[in-house]
Amino acid sequence: MQCSIVRSIKRISSTWRVVDIGGYNIHLLVEGKDKKGPTVVFFHGAGDIALHWNLVLPKVGKFATAVAIDHAGEGWSDHGHGLALNQQAYDTYQALKKGGYQAPYILVGHSLGGITANLFASKYKEEVIGVVMVDATHPDVVLKIFNKNTKKMERKRMRLTADQPIKEVITSQIKEPKETKSFQGRRDFGDKLDKFSEEDKARFNWIYNERPFTYVKGQSDTYEAEIMQDMYLNKEKYTLGNMPLIVISGGNKSIPEGDENWSSEQLVKHRDSLQKDLLNLSTNSKQIIAKKSGHYIQIDQPEIIVKQIRQLVENQ
């Protein structure tokens with residue numbers, strides 16, 4: 001067990017677990033142990049951690065086994081074989097199997113975690129019986145990206161920045177701890193943590209504002225542009241047949257600031273169209289608009305997510 005886990009494990013509640021998946025530990029938040037039926041698996045978005053699901057997880061744990069993953073190098077998980085999204089999907093599968101959380105699985109992915117959930121579902125399709133996309137990222141997403149030529153941030157389709165082959169998933173064991181570098185980060189949550197317990201607020205603050213952020217040099221690339229480009233150009237590889245798919249979209253999101261490439265109006269129209277297009281991943285899909293939610297539906301209206309998961313569990 002790498003020392004980062006040992007030093008900080010006391011800050012996690014009784015619902016934590018760490019699973020060794022090959023020389024590195026993946027941290028899980030678990031509710032509803034030993035429940036019959038499917039295992040509900042939660043994927044967090046970029047820069048987030050499993051704890052972001054903690055307004056949803058305990059409620060789902062009342063009727064199903066619910067597992068939220070800290071991806072390698074995030075939250076309380078050790079650095080593994082890097083942050084590539086396909087590696088994250090593989091690591092999640094290994095953590096579930098070695099942790100004793102058996103299929104069938106219902107996947108719940110927020111933001112970039114929706115891409116990872118899609119990768120998992122298409123890779124292990126026979127073991128997945130439903131997917132919930134929570135304001136999930138679409139492969140044709142437009143983001144603010146740094147232009148190396150102009151030295152400015154500009155709006156651009158993320159997939160069009162792809163410039164390298166997708167990294168192959170590494171399945172070998174890590175025999176020696178990775179050498180890490182660190183810096184002190186800072187994250188202002190505003191009022192986003194108001195609904196969380198005081199204990200969880202302290203955990204968020206420790207992860208983002210007290211402990212140094214660590215990384216492994218050369219392992220920080222998620223290959224998201226390359227993976228999104230592949231998903232966009234080769235849609236048939238990632239479709240889910242008639243698997244139940246629920247797309248929950250925030251209906252009260254802020255208006256993005258435009259630039260010379262994309263106006264605010266164009267960005268909103270494109271953003272909304274991408275949420276609808278996610279429905280095409282399955283022939284058995286529906287969209288729900290969370291009218292009072294921004295991007296973090298799991299915080300603004302967690303009950304909507306819980307309700308849809310419950311329906312999938314009951315209908316399986």
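This briefing describes selected strands, backbone features, residue environments and enclosed spaces of one structure. The model is predicted, and the values below are computed from its atoms. Among its elements, strand 3 (residues 39-43) is largely enclosed by the rest of the structure, because five of its five residues are buried, and strand 5 is likewise mostly covered, with six of its six residues buried. The largest pocket has a volume of about 690 Å³, while the largest cavity has a volume of about 30 Å³.

**Strand 3 and its partners**

- In a regular strand the side chains alternate between the two faces of the sheet.
- Both faces of strand 3 are covered, with Thr39, Val41 and Phe43 buried on one side and Val40 and Phe42 buried on the other.
- Strand 3 runs parallel to strand 4 (residues 65-70), to which it is joined by five bridges, and within this pairing Phe42 stands opposite Ala68 of strand 4.
- Strand 3 also runs parallel to strand 5 (residues 105-110), again with five bridges; here Thr39 stands opposite Tyr105, and the bridge partner of Val40 is Ile106.

**Strand 5 and the loops on either side**

- Strand 5 is covered on both faces, since the buried residues comprise Tyr105, Leu107 and Gly109 on one side and Ile106, Val108 and His110 on the other.
- Strand 5 pairs with strand 6 (residues 128-134) in the parallel sense over six bridges, and the partner of His110 in strand 6 is Val134.
- Pro104 is found in the loop between helix 3 (85-99) and strand 5, and the peptide bond leading to Pro104 from Ala103 is cis, with omega near 5°.
- Ser111 is found in the loop between strand 5 and helix 4, where its phi is near 55°, a positive value in a residue other than glycine.
- With a relative accessible area of 15%, Ser111 falls under the 20% limit and therefore counts as buried.

**A further residue with positive phi**

- Most residues other than glycine have a negative phi, and most peptide bonds are trans.
- Tyr223, placed in the loop between strand 10 (213-215) and helix 6, is a residue other than glycine with a positive phi, near 55°.
- Tyr223 is buried, with a relative accessible area of 14%.

**Environment of Ile248**

- Ile248 lies in strand 11 (residues 245-250) and, at 0% relative accessibility, counts as buried.
- Leaving aside neighbours within four places in sequence, the contacts of Ile248 include Val132, Met133, Val134 and Asp135, together with Gln275, Ile288, Ala290, Ile297, Ile304, Ile305 and Gln308.
- Ile248 and Val134 are separated by 114 residues in sequence, yet their C-alpha atoms are 5.0 Å apart in space; Val134 is also the residue that partners His110 in the pairing of strands 5 and 6.

**Environment of Asp200**

- Asp200 has its place in helix 5 (residues 198-210) and counts as buried at 5% relative accessibility.
- When residues up to four places away in sequence are not counted, Asp200 touches Leu51 and Asn54, and its side chain makes a polar contact of 2.8 Å with the side chain of Asn54.

**The largest pocket**

- Rolling a probe the size of a water molecule over the atoms shows where empty space is left.
- The volume of the largest pocket is about 690 Å³, and of the 27 residues that line this pocket, the closest to its centre are Val141, Val142, Leu143, Arg271 and His295.
- Strand 7 (142-147), helix 6 (224-233) and helix 7 (264-277) each supply at least two residues of the pocket lining, with the largest share, five residues, coming from helix 7.
- By class, the lining of the largest pocket divides into twelve nonpolar, nine polar and six charged residues.

**The cavity**

- The count of cavities of 30 Å³ or more comes to one, and the largest cavity has a volume of about 30 Å³.
- The lining of the largest cavity is formed by Gly114, Ile115, Asn118, Met133, Thr137, Pro139, Met231, Leu278 and Leu281, and helix 4 (residues 112-123) gives the most to this lining, with three residues.
- Six of the residues lining the largest cavity are nonpolar and three are polar, with no charged residues.
- Met133, one of the residues lining the largest cavity, is also among the contacts of Ile248.

How values were computed
Residues are numbered from 1 along each chain as its sequence is written. This is a predicted model: local features need pLDDT of at least 70, side-chain atom pairs count only at pLDDT 80 or more; totals for chains, interfaces and linings use all residues. Side-chain values use heavy atoms; hydrogens and water are left out. Buried means under 20% relative accessible area, exposed over 50%, partly exposed in between (1.4 Å probe, protein chains only). Helices (H or I, at least four residues) and strands (E, at least two) are DSSP runs, numbered from the N terminus. Two strands pair if DSSP finds at least two bridges between them. On a 1 Å grid over the protein atoms alone, a cavity is a set of points where a 1.4 Å probe fits but cannot get out, and a pocket is an open set with protein on both sides within 12 Å along at least five of seven lines; lining residues have an atom within 4 Å of a point. Grid points are joined across faces, edges and corners, and a volume is the space filled by probe spheres set on the points. Ala, Val, Leu, Ile, Met, Phe, Trp, Tyr, Cys and Pro count as nonpolar, Asp, Glu, Lys and Arg as charged, and the others, Gly among them, as polar. A polar contact is a pair of N or O atoms within 3.5 Å; within protein, one must be able to donate a hydrogen and the other to accept it, and residues adjacent in sequence count only if both atoms are side-chain atoms. Contact means heavy atoms within 4.5 Å.
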